[in-house]
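Student: I have a new model open on my screen and would like to walk through it with you. Could we take it one question at a time?

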Amino acid sequence: MIISIASGKGGTGKTTIAVNLALALAKDKEKNVQFLDCDVEEPNAHLFLEPVITNSESVEIPVPKINDKKCNYCGKCAEVCVFNAIAVTKNKVLVFPGLCHGCGACMLFCPEKAITEEGNEIGILEEGKAGPISFTHGRLNIGEPMAPPIIRKIKKKIKRDYNDNRDRDITNNYITLIDAPPGTSCPVIESVKESDYTILVTEPTPFGLHDLILAVEVLRKLKIPHGVVLNKCDIGDHKVEEYCKKNSIPILLSIPLDKEIAVAYSKGIPIVKINSSYEQKFNQLFQKIIQKI
Amino acid sequence: MKEIVIISGKGGTGKTVIAASIAALAKNKVMGDCDVDASNLYLLLHPEIKDKHDFYGGVVPSLDLKKCINCGRCQEVCRFDAIKTIKGQTVIDLVSCEGCGLCALVCPVKAIQMEENHCGEWYISETKYGPLVYARLGIAEENSGKLVTLVRENAKKIAEKNDLGLIIIDGPPGIGCPLIATLSGANLAVVVTEPTLSGLHDLQRVSKVAQHFGVKTVVIINKYDINLENSLKIEDWCKKNSISVIGKIHFDNIITEALVKGLPVVEYSDNRTTKEIKDIWQSISR
């Protein structure tokens, strides 16, 4: 099954929940746990899981390459490009790789067949193992705007044998966890879509509530079942709990503000490594999720 | 005119809390909230909306089932797996669609029309601290970069019209499209970080983006006393990269209390934290 961990607001503890859930589940030798860090703009899970990376791949977008000998500057390529990634002057074609989405329209419609494609690297993908956990993450290159193609490539790594027969996986032993980026727009959608369940991590403040409501709207639109983990549950107010109750959204786990946890986090140490009682709490969280799916 | 953008790389380090306090401290300015995915600044500034505008970003395909002959040509050319055939019928998945329009261009019977996509709203508003431009991207919509650009352009117009010398922008997290749209061409990037491994890692990436776009960068370390060793590491890294650390804020519950009350922290209390933030503003405005 695929469980994604998301939040509208950043810094609420997505990575903490994802990492600790992975570690708690992987303790059970029967379980096969795969971890995908889809926050390719600012990936952090590797700081906690410390995977040994064994494979690295470049992620490229096919951008147009113009053959000057064949091009007659008719402008058709610029006309079909909705992203304004090509401009044609009297005797020159300008390509802006940062704007190109790699849709291939220019190449397909060039009447002179003067366009081929070449790969423009926008980031990298790395794979490895963190103990028994299969780990994949991606990194967007500095200055590149588009995260979704890297996320799509990470999600292609979802193990087929884990998830092809997920209807028949009655043991619930094949688990893919996806650490999503913050927000509600395209990179988030790309990360969470096709999940069986999404855990929304939030905190009990006006910002936490405001952004939780947006995230819930996203999941309703995508028709993904979801529940909430309330982090630092004893700060702020009770409005998140009231909202969840009113909207019948389960609160799967509440974690109080704890100096010890905060300090461990700052050093890249997962909660389950300093407080073993959390192992059970994360296993209970998982049990609650499989009952809801 | 000077435009200051407050960014962080990592989310939840305190961008908006600091932006709201600066909004309360600075004079003759316009505020803009460029975190259009999840804008929060208005929750502390309580604006009165003056003008509401629709945002159309890009185009989306609309399939006319009466015309469609299910030939599969559109599915063949779509590189985003956004077109599928379900029980013999062509179906477009708008969630996966990038809006390139190739399907409409190749359709032999013109069954696909590209339509303008209403994907959000933006607002010009007035607050007790001055004008605020902010936006709300529609749920699960794209083109946040374009919406960010609209917010910035309109903040600038207001500043010019009213002879205000300063624009303060609350930025988005991350380093991708919305961040680049927020950052490019700004005069100063204030990066808010925290003394955690994630905070340092993300500070390094976002600072490199700022450098890439030639924007001067300064750093604030929030909750610096959570891990003094990491705070030192951040300061060392900044020093090596010629970035000034213009202030440090200690961990204080008063920040959450002010948030729950819906107030900028400098308006809620007058203590050590408030002083730290006021000193930061002094340093920026110098």
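Tutor: Happy to! Let's start with a term: a residue is buried if 20 or more other C-beta atoms lie within 10 Å of its own. Keep in mind too that this is a predicted model.

Student: With that cut-off, what percentage of the residues of chain A count as buried?

Tutor: Burial here is a matter of counting C-beta neighbours, with 20 or more needed within 10 Å. Chain A has 293 residues to test this way, and the share that count as buried is 49%.

Student: How is chain A built, and what does its C-alpha trace span along its principal axes?

Tutor: Chain A contains twelve helices and eleven strands. Among its contacts between residues at least 6 apart in sequence, 73% join residues at least 24 apart. Along the principal axes, the C-alpha trace spans about 70 × 40 × 40 Å.

Student: How far apart are the centres of domain 1 and domain 2 of chain A?

Tutor: The domain assignment gives chain A a domain 1 made of 2-59 + 122-292, and a domain 2 covering 68-113. Chain B is assigned domain 1 (2-56 + 119-285) and domain 2 (65-110), with C-alpha centres 41 Å apart. For chain A, the separation of the two centres, taken over C-alpha atoms, is 40 Å.

Student: Which helix of chain A gives the most to the largest nonpolar core?

Tutor: In soluble globular proteins, nonpolar side chains tend to be buried together. The largest core here has 175 residues, and A:L21, A:A22, A:L177 and B:V151 touch the most other members. Leaving aside neighbours within four places in sequence, A:L177 is in contact with residues including A:A18, A:L21 and A:A22. The helix that gives the most to this core, with nine residues, is α1 (residues 14-26).

Student: Now the interface: which helix supplies the largest share of the side of chain A that touches chain B?

Tutor: In all, 52 residues of chain A are in contact with 50 residues of chain B. On the chain A side, α4 (105-109), α7 (186-192), α8 (206-222) and α10 (259-266) each supply at least two residues. By class, that side has 26 nonpolar, 17 polar and nine charged residues. The largest share, nine residues, comes from α8(A).

Student: Finally, what ipTM does the model score?

Tutor: For confidence by residue, chain B averages a pLDDT of 96, and 100% of its residues score at least 70. For the model as a whole, the pTM is 0.95 and the ipTM is 0.94.

Conventions
Residues numbered from 1 in each chain as written. Chains lettered and ligands numbered in written order. Predicted model: local features only at pLDDT ≥ 70, side-chain atom pairs only at ≥ 80, totals over all residues. Contact = placed C-beta atoms within 7 Å. Helix = DSSP H or I, 4+ residues; strand = E, 2+ residues; numbered from the N terminus. Nonpolar A, V, L, I, M, F, W, Y, C, P; charged D, E, K, R; others polar. Buried ≥ 20, exposed ≤ 12 C-beta atoms within 10 Å, placed from the backbone. Core = buried A, V, L, I, M, F, W, Y, C linked by C-beta atoms within 7 Å. pLDDT = per-residue confidence, 0-100. Domains from an automatic or database assignment.
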